[in-house]
4 protein chains.
Amino acid sequence: SRFEYVKKFEQDDRCLLGCWIVVRIDGRSFHKFTSEHLFAKPNDLSALKLMDVAACSVMEEFRDIIFAYGQSDEYSFIFDRKMSLFNRRSSKILTNLVSLFTSSYTYNWRIHFPNTELKYPPAFDGRVVLYPNTIVLKDYLSWRQADCHINNLYNTAFWEIVKSGKSHVEAAARLKDTFSSGKNEILFSEFGINYNKIEPRYRKGSCLFWIDKMTEKSPEGPDTVGEFITGGACKKPRVCREITVSHEDIISEVFWSNHPQILGQDIVNS
Amino acid sequence: SRFEYVKKFEQDDRCLLGCWIVVRIDGRSFHKFTSEHLFAKPNDLSALKLMDVAACSVMEEFRDIIFAYGQSDEYSFIFDRKMSLFNRRSSKILTNLVSLFTSSYTYNWRIHFPNTELKYPPAFDGRVVLYPNTIVLKDYLSWRQADCHINNLYNTAFWEIVKSGKSHVEAAARLKDTFSSGKNEILFSEFGINYNKIEPRYRKGSCLFWIDKMTEKSPEGPDTVGEFITGGACKKPRVCREITVSHEDIISEVFWSNHPQILGQDIVNS
Amino acid sequence: SRFEYVKKFEQDDRCLLGCWIVVRIDGRSFHKFTSEHLFAKPNDLSALKLMDVAACSVMEEFRDIIFAYGQSDEYSFIFDRKMSLFNRRSSKILTNLVSLFTSSYTYNWRIHFPNTELKYPPAFDGRVVLYPNTIVLKDYLSWRQADCHINNLYNTAFWEIVKSGKSHVEAAARLKDTFSSGKNEILFSEFGINYNKIEPRYRKGSCLFWIDKMTEKSPEGPDTVGEFITGGACKKPRVCREITVSHEDIISEVFWSNHPQILGQDIVNS
Amino acid sequence: SRFEYVKKFEQDDRCLLGCWIVVRIDGRSFHKFTSEHLFAKPNDLSALKLMDVAACSVMEEFRDIIFAYGQSDEYSFIFDRKMSLFNRRSSKILTNLVSLFTSSYTYNWRIHFPNTELKYPPAFDGRVVLYPNTIVLKDYLSWRQADCHINNLYNTAFWEIVKSGKSHVEAAARLKDTFSSGKNEILFSEFGINYNKIEPRYRKGSCLFWIDKMTEKSPEGPDTVGEFITGGACKKPRVCREITVSHEDIISEVFWSNHPQILGQDIVNS
Ligand SMILES: Nc1nc2c(ncn2[C@H]2C[C@H](O)[C@@H](COP(=O)(O)OP(=O)(O)OP(=O)(O)O)O2)c(=O)[nH]1
Ligand SMILES: Nc1nc2c(ncn2[C@H]2C[C@H](O)[C@@H](COP(=O)(O)OP(=O)(O)OP(=O)(O)O)O2)c(=O)[nH]1
Ligand SMILES: Nc1nc2c(ncn2[C@H]2C[C@H](O)[C@@H](COP(=O)(O)OP(=O)(O)OP(=O)(O)O)O2)c(=O)[nH]1
Ligand SMILES: Nc1nc2c(ncn2[C@H]2C[C@H](O)[C@@H](COP(=O)(O)OP(=O)(O)OP(=O)(O)O)O2)c(=O)[nH]1
Ligand SMILES: O=P(O)(O)OP(=O)(O)OP(=O)(O)O
Ligand SMILES: O=P(O)(O)OP(=O)(O)OP(=O)(O)O
Ligand SMILES: O=P(O)(O)OP(=O)(O)OP(=O)(O)O
Ligand SMILES: O=P(O)(O)OP(=O)(O)OP(=O)(O)O
Ligand SMILES: [Mg+2]
Ligand SMILES: [Mg+2]
Ligand SMILES: [Mg+2]
Ligand SMILES: [Mg+2]
Ligand SMILES: [Mg+2]
Ligand SMILES: [Mg+2]
Ligand SMILES: [Mg+2]
Ligand SMILES: [Mg+2]
Ligand SMILES: [Mg+2]
Ligand SMILES: [Mg+2]
Ligand SMILES: [Mg+2]
Ligand SMILES: [Mg+2]
């Protein structure tokens, strides 16, 4: 039609080549959403698992995602730096991920919350960030995991103090000006809690990545081995890959040297 | 933490001031989705109404949207050109809209498809386009409505021919190289269908916009007057606004002069 | 060669269609440059004329420039909003203008400063700004002319006070906390200067735009009529256009209604 | 003034952190410029040296430039990837470089072309390109040097054939469909020219980079050691750095391992 010229107003938003593409998704106003849906405090296991499931849907669909990290109401997805999906168009990548994540969260709600009606549709914001090398990419992931640690340590101590009979104001006052060590000490001496023994999921968040799987038999039906959430759709017989979820420390280099395949070959001298 | 520097890699993506911000959302692979969920052909009334509901959720939440237009698996949202939501950050605007739309679509599915299980979570892509003046903005909307018309006329004729016993290949061949008039003629002479009498919703798509409403009583509960879908949340007593949905021609100037409040004051000489 | 893939790292930077493209150029460290080359204070006539000449070179070369405005060490160039030069690529437009402006300034230096050796090559920075409608475009130009006025009034008063025997510190103290009216008053009562009688060039800056010219004879050689700086290269006999330079008020609408051809047809209702 | 709001239309264009920033400058319509100013063919020594001088002006002024490479009518400047000049604003970096380069070229013209009047002011375009790692950065430089080689080999052969009495058309026909080896062979067997013995400047282009210099005496006046073009302005006594120009192969790794300080520490694992 004679109106087609308006399509030319669309602007090119392709991501710089050679960079790691990170998409971070975060729940919109989840302070209210978690409160309205009575999420357990400080951590709601069902809610966190539902986040992992939504993230797995995204990884299953967008196979160029090599790693995902989630905590609280957020998830970060890392694309291979050579990725060419959607011609690297930022908006296409971003909206497809955010939309599928949201949809899967809403779709799978009742499996994880069979007794809690979803009162209104939840939403997530999202952004694309580019990281030009592996050092800054790892620092990005460390940033999110450090955030998880800081918040969780605080929240764990806060709610223990509240459970012990104090008001929110008193709990906050008690924790003000304490360092990590102080909060650990309060938990241990006052509540008998060794913070390092708390669920890794709560302390470390969730790491999703692909591992190769050798199967004797042809891969039909969902193969669930150990902690594997999903068996994916194997094309080649006997060798396929599936997503594993773990709750490990990714700030330390140990994780990355244990899983050298995730970020792939070093670009020497880059 | 010492990792916080990575936040500086986020790039500013604010939309140019003074422009109309348009967000267009489109179903991802809805060819497959509509087929798997057995949507009626060429138009599924429930599906189209579900789209409208999802769009209303978005408008209710983001009150700076002054107009929305939907057809097929897509919806366009127009923000007031003075809008300052999210500081006009493109990604924030875009992802919040796409996410809420998707969520509402999934959430409201079973109301509109009580007998059809949702097989998998649907997803939508989205993009932001800026239009610097009202002429190009109207041409944008005309482009989408012309697209609706062209597709719907074709599809209506196609499926009538198929219903009459022809194969898909034969129907396509019959319509190849016909103009609008030819398709109208086939519908009328062969199937007794006056295309202009077909449901306006199918021919014109859906237009959502706000109209003021005077209420005698304090606005509690959902006020549904006439075709109004939603009563919104009125803050001031006695005067509030609600979304109306109509299926009018927006290519002609008549619509805009009948509703001068939608696009607001002309910028004289601009 | 096998290295050609690196060209793909170049990013698309085309200017949004339908917007006025403004390029503003500003002298780099001209505080130092004007001082080293002993520019007259507060205004150096030769220097300002040299700026106008450089701007004319740019307009002669890039014929889609419809208007230019200069003052102090800066010049703004306005492109027609339909302009398609360099496919509207921002960097190409910007660098070509800045480079030619700089080159012409350096090249023509000795004509305007026959007795002052150019000590080192001067440089200018530049930026592209998009304005979506004529109102904001005019406000942009008003902003620059208001800046000219404010600085020139201050500088005129400042240097008169200094000439009268005061120190720089004393002059600054005298002017601190005065309004326009106060500075006008000082100039008039203490120095007998009616500010409004000062050279329009100094008070208003320079406006360059095209005017049509009818010529009886074929346009060979430089036709200089009245204030016209340049006769350009006329292609069609008897009708050509040339740049005129004036020093008028462009904040008032009078200027624009006197020269309706500059910004062209209104986009009605835009 | 009330017009200041228009400044908010300027858009943020900061370069992604962590990337090498490359600015490439290229003569505008130098086909015409070189012809009008009767540049020697295929290479004009004065012209190439003038380019080097202009590039040195730029490096002296913008000390974060770690390397520059020039050939034909173009020059590329590489900034340290940690560079924070102008807050990494793309337009500011770009226009300052292009403008100073152009100005220096025009300013120094008559030193290098004492017998050729500059007919009109020359101009250069420019662009910013980001390279996220050292491999692609080196490939970028290799791309430019390979371009130099390909063009120079062709041009050298072409003009030898022309000098021998053939027309331009005949020379072009002779070279069509030849590879590098073929052109080398023609040069050697028909004109007795060993291409590898031709001036390195013509075959390899110019590489500018900083080298440290130890001086016994305090560094006053231009210290010109060996091939050094410029002594810069040393701040610390006894240790300063100056620009060296060389015409080496930068495609091979040898150059980079001989000068490890240029690109600096590897980012291990990046
Ligand atoms: N009770 C409970 N709350 C949680 C859990 N996970 C996240 N939340 C809550 C705590 C925070 O209020 C909120 C996440 O903080 P954000 O900084 O993302 O803020 P919020 O989503 O409210 O606003 P935003 O739209 O992201 O700016 O979600 C959980 O497992 N249990
Ligand atoms: N049966 C039926 N199909 C519909 C209806 N509305 C939309 N569709 C289908 C027709 C098209 O196959 C599809 C929309 O076309 P698109 O161009 O958006 O393609 P699709 O979504 O498959 O791919 P995309 O991911 O957008 O590139 O949705 C409907 O009411 N009934
Ligand atoms: N004496 C004299 N100085 C002038 C004249 N025109 C401009 N200037 C000087 C006054 C200011 O110091 C300077 C322009 O101010 P700017 O704000 O552009 O600052 P400057 O160029 O020093 O720094 P920049 O690199 O633009 O940030 O040029 C003139 O006609 N006579
Ligand atoms: N005779 C001669 N010509 C040269 C020399 N160096 C460069 N040139 C000419 C050869 C080419 O015609 C021109 C450079 O080619 P470009 O691809 O940059 O094209 P040109 O500058 O004409 O157009 P452009 O504005 O860059 O698209 O400059 C030289 O040393 N001697
Ligand atoms: O999706 P299409 O084919 O209708 O056309 P488009 O939306 O302009 O294409 P894309 O989704 O790739 O931007
Ligand atoms: O949302 P916050 O407050 O955690 O911080 P942010 O995500 O960096 O802020 P924004 O969502 O506004 O980008
Ligand atoms: O100028 P060319 O033809 O060498 O190629 P380019 O520089 O990539 O093209 P452009 O100057 O248009 O970006
Ligand atoms: O240069 P100034 O201080 O007049 O102000 P600006 O030009 O807006 O600042 P910048 O040159 O840093 O964009
Ligand atoms: Mg946030
Ligand atoms: Mg949140
Ligand atoms: Mg959060
Ligand atoms: Mg599409
Ligand atoms: Mg679709
Ligand atoms: Mg569609
Ligand atoms: Mg400035
Ligand atoms: Mg300046
Ligand atoms: Mg200035
Ligand atoms: Mg070019
Ligand atoms: Mg060139
Ligand atoms: Mg060139």
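Mentor: Start with burial. Buried means under 20% relative accessible area, exposed over 50%, and partly exposed in between, with a 1.4 Å probe and protein chains only. This is a predicted model, where local features need pLDDT of at least 70, side-chain atom pairs count only at pLDDT 80 or more, and totals for chains, interfaces and linings use all residues. Residues are numbered from 1 along each chain as its sequence is written, chains are lettered from A and ligands numbered from 1 in the order in which they are written, and side-chain values use heavy atoms, without hydrogens and water.

Trainee: Is G27(D) buried or exposed?

Mentor: G27(D) has a relative accessible area of 7%, so G27(D) is buried. D26(D) has 22%, so D26(D) is partly exposed.

Trainee: Which protein donors does the magnesium ion (ligand 19) have?

Mentor: Donors are N, O and S atoms within 2.8 Å of the metal (3.2 Å for Na, K and Ca); water is not among the atoms, so sites may look incomplete. Here they are D26(D) (OD), G27(D) (O) and D73(D) (OD), lying 2.0 to 2.1 Å from the ion.

Trainee: What is the arrangement of the six donor atoms around the magnesium ion (ligand 19)?

Mentor: Six donors count as octahedral if opposite donors are over 155 degrees apart and all others between 65 and 115. The angles here run from 82 to 177°, so the arrangement is octahedral.

Trainee: How far apart are the magnesium ion (ligand 19) and the magnesium ion (ligand 18)?

Mentor: They are 5.8 Å apart.

Trainee: Which polar side-chain atom lies 2.9 Å from an oxygen atom of ligand 2?

Mentor: A polar contact is a pair of N or O atoms within 3.5 Å. The atom belongs to D73(B).

Key
Polar contact = N/O pair within 3.5 Å; in protein donor to acceptor, adjacent residues only side chain to side chain. Tetrahedral: all angles 85-135°; square planar, octahedral: opposite > 155°, others 65-115°.
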